Amino acid sequence: MLFTVDDWIFDVDVVATRQYSQKNLQEHCECGYCRNFYGTIDDYASKLRPFLAQFGADVEAPVDFLPVEPRLC
């Protein structure tokens, strides 16, 4: 399925993406970072969940979500 967002065109297999997200949702992380992310995503990025949903992705099924520390050197 093709999606156009602004000047970008996305070609996405929505069904396959949804299946992959559902598989990851069963295994989603329960660490403090992820619990905070899941609990606050709708407050600080309210448009992210509906944006990802049109592609079949679930914001609560991240493939990899790790804190990033800035490099000091």
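Helix 2 covers residues 32-44, and in this predicted model its length can be checked against expectation: at 1.5 Å a residue, its 13 residues should span 18 Å, and the C-alpha atoms at its two ends lie 17 Å apart, which agrees. Helix 2 also has a bend of about 35 degrees, located at Tyr-38.

Four residues of helix 2, namely Cys-34, Phe-37, Tyr-38 and Ile-41, are buried. An α-helix has 3.6 residues a turn, so residues three or four places apart point the same way. The buried residues of helix 2 pack against helix 3, which runs over residues 48-53.

The residues Cys-34, Phe-37, Tyr-38 and Ile-41 appear again, together with Val-59, in the largest nonpolar core, which has 5 residues. In soluble globular proteins, nonpolar side chains tend to be buried together. Val-59 is in contact with Phe-37, Tyr-38 and Ile-41, and also with Leu-48, Arg-49 and Leu-52, when its neighbours within four places in sequence are left aside.

Arg-49, one of the residues that Val-59 contacts, also takes part in a salt bridge with Asp-42, in which the side chains meet at 3.0 Å from N to O. The structure holds 1 salt bridge. Side chains of opposite charge can pair when their charged atoms come close. Asp-42 is partly exposed, with a relative accessible area of 38%, and Arg-49 is likewise partly exposed, with a value of 25%.

The chain as a whole has 3 helices and 2 strands, and read along the sequence these follow the pattern β-β-α-α-α. Phe-3 belongs to strand 1, which is made of residues 2-5. Asp-6 lies in the loop between strand 1 and strand 2, the latter covering residues 8-11, while Val-12 sits in the loop between strand 2 and helix 1, which covers residues 14-26. The accessibility of these three residues is set out below.

| Residue | Relative accessible area | State |
|---|---|---|
| Phe-3 | 13% | buried |
| Asp-6 | 70% | exposed |
| Val-12 | 13% | buried |

Phe-3 counts as buried because its relative accessible area of 13% is under 20%, whereas Asp-6 counts as exposed because its 70% is over 50%. Asp-6 has a further feature in its backbone, since its phi angle is near 55 degrees, a positive value in a residue other than glycine.

Which residues does Phe-3 touch, not counting those up to four places away in sequence? They are Trp-8, Ile-9, Phe-10, Val-12, Val-14, Gln-54 and Phe-55. Phe-3 and Phe-55 are 52 residues apart along the chain, and their C-alpha atoms are separated by 8.3 Å. Val-12 touches Phe-3 and Phe-55 as well as Met-1 and Thr-17, again not counting residues up to four places away in sequence. The C-alpha atoms of Val-12 and Leu-2, which are 10 residues apart along the chain, are separated by 6.4 Å.

Turning to totals for the protein chain, 18% of its 73 residues count as buried. Among its contacts with a separation of 6 or more, 55% join residues that are 24 or more positions apart. The protein chain exposes about 5900 Å², and carbon and sulfur atoms supply 57% of that area.

Methods: Residues are numbered from 1 along each chain as its sequence is written. This is a predicted model: local features need pLDDT of at least 70, side-chain atom pairs count only at pLDDT 80 or more; totals for chains, interfaces and linings use all residues. Side-chain values use heavy atoms; hydrogens and water are left out. A salt bridge is a side-chain nitrogen of Lys or Arg within 4 Å of a carboxyl oxygen of Asp or Glu. Buried means under 20% relative accessible area, exposed over 50%, partly exposed in between (1.4 Å probe, protein chains only). A nonpolar core is a set of buried Ala, Val, Leu, Ile, Met, Phe, Trp, Tyr and Cys residues joined through side-chain atoms within 4.5 Å. Contact means heavy atoms within 4.5 Å. The expected span of a helix is 1.5 Å times one less than its number of residues. The bend at a residue is the angle between axes fitted to the seven residues ending there and the seven starting there. Accessible areas come from the Shrake-Rupley method with a 1.4 Å probe; for residues, only the protein chains shown count as cover.
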